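Reader: I'd like a close look at one part of this protein: the metal site. Could you walk me through it, and then through what surrounds it in the fold?

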Amino acid sequence: MSQGESHTRAGIIAVAQALDAAGLVPNKSGNVSCRSADGFLITPAGVPYRELVPADIVESSLTGAAEEHARRPSSEWRMHAAIYADRPDAAAIVHTHSPRATALACAGRGIPPFHYMIALAGGEIRCMPYATFGTAELAATAVQGLEGRRATLLANHGVIAIGSSLGEAHAVALEVENLAGQYLALLAADLEPRLLDAAELQRVTTKFADYGRLKA
Ligand SMILES: [Zn+2]
């Protein structure tokens, strides 16, 4: 294993454990992956995040042929493979069942552009129709939801976030949960959010690139 790959495996574990500690991947849900030379590296199925060691991370090709490995890849490997195939800009993917965003997804509600931080996700966050976990149908749905975006909600399921690095995909996933909490607070108070328009979101995106929040 190269030094770069060991570093990537450790990075995937660090993100998975941070999500777990923050309560964003309850009951071993969610998964984290990073693009590799021949495919991607992904968290395994069924191993508690706190117990993960670098050798547990599974390498998979984009067609899903896992390398000879003691662990099975996450049941959502198809979703990761489909996104890497469709999005050359995605270097890492974070999938969560983070509670507040998942609550909105269970009502089929996306997140409108009511706060400028939504520019991290590329604009309004869609909520895509339900499909069974682990299926090619869900993979196709996720790809569609991510069109022109870095995050999407999956109805009755959770969140998928992508980034040009593991850190960026993690930051987008955290921001989706944060925005979902703010949106739920607005809905609970029966307040109508005032939305930002596309020109303002573009301005914010440019500023984010300047400040290094996002790669332009
Ligand atoms: Zn899931």
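Author: Here's the metal site, followed by the cores and the main pocket. Keep in mind that this is a predicted model.

The zinc ion is held by three histidines, His95, His97 and His157, and each one uses its NE2 atom, at 2.1 Å. Written as a sequence pattern, the donors follow H-x1-H-x59-H. His95 belongs to strand S4, while His157 sits in the loop between S6 and S7, so this pair ties together parts that are 62 residues apart in sequence. As for accessibility, both His95 and His157 are buried.

Now for the nonpolar packing. The largest nonpolar core has 45 residues, and Val32, Ile111, Ile125, Leu153 and Val176 have the most contacts inside it. Among the elements giving it two or more residues are strands S4, S6 and S7, along with helices H1 and H5. H5 provides the largest share, nine residues. If you want one residue to click on, try Ile111: leaving aside neighbours within four places in sequence, Ile111 touches Leu104, Ile118, Glu124, Ile125, Leu153, Val176, Leu179 and Ala180. There's also a second, separate core of 19 residues, with Ile42, Ile93, Ala139 and Ala142 among them.

Last, the open space. The largest pocket has a volume of about 240 Å³. Its lining is made up of 18 residues, and Lys28, Ser29, Gly30, Asn31 and Ser75 lie nearest the centre. By class, that lining counts eleven polar, five nonpolar and two charged residues.

Definitions and conventions
Residues numbered from 1 in each chain as written. Predicted model: local features only at pLDDT ≥ 70, side-chain atom pairs only at ≥ 80, totals over all residues. Heavy atoms only, no water. 1 Å grid on protein atoms, 1.4 Å probe; cavity = no way out; pocket = protein on both sides within 12 Å on 5 of 7 lines; lining within 4 Å. Points joined across faces, edges and corners; volume = space filled by probe spheres on them. Nonpolar A, V, L, I, M, F, W, Y, C, P; charged D, E, K, R; others polar. Core = buried A, V, L, I, M, F, W, Y, C linked by side-chain atoms within 4.5 Å. Buried < 20%, exposed > 50% of the residue type's maximum accessible area, 1.4 Å probe, protein only. Helix = DSSP H or I, 4+ residues; strand = E, 2+ residues; numbered from the N terminus. Contact = heavy atoms within 4.5 Å. Donors = N, O, S within 2.8 Å, 3.2 Å for Na, K, Ca; no water.
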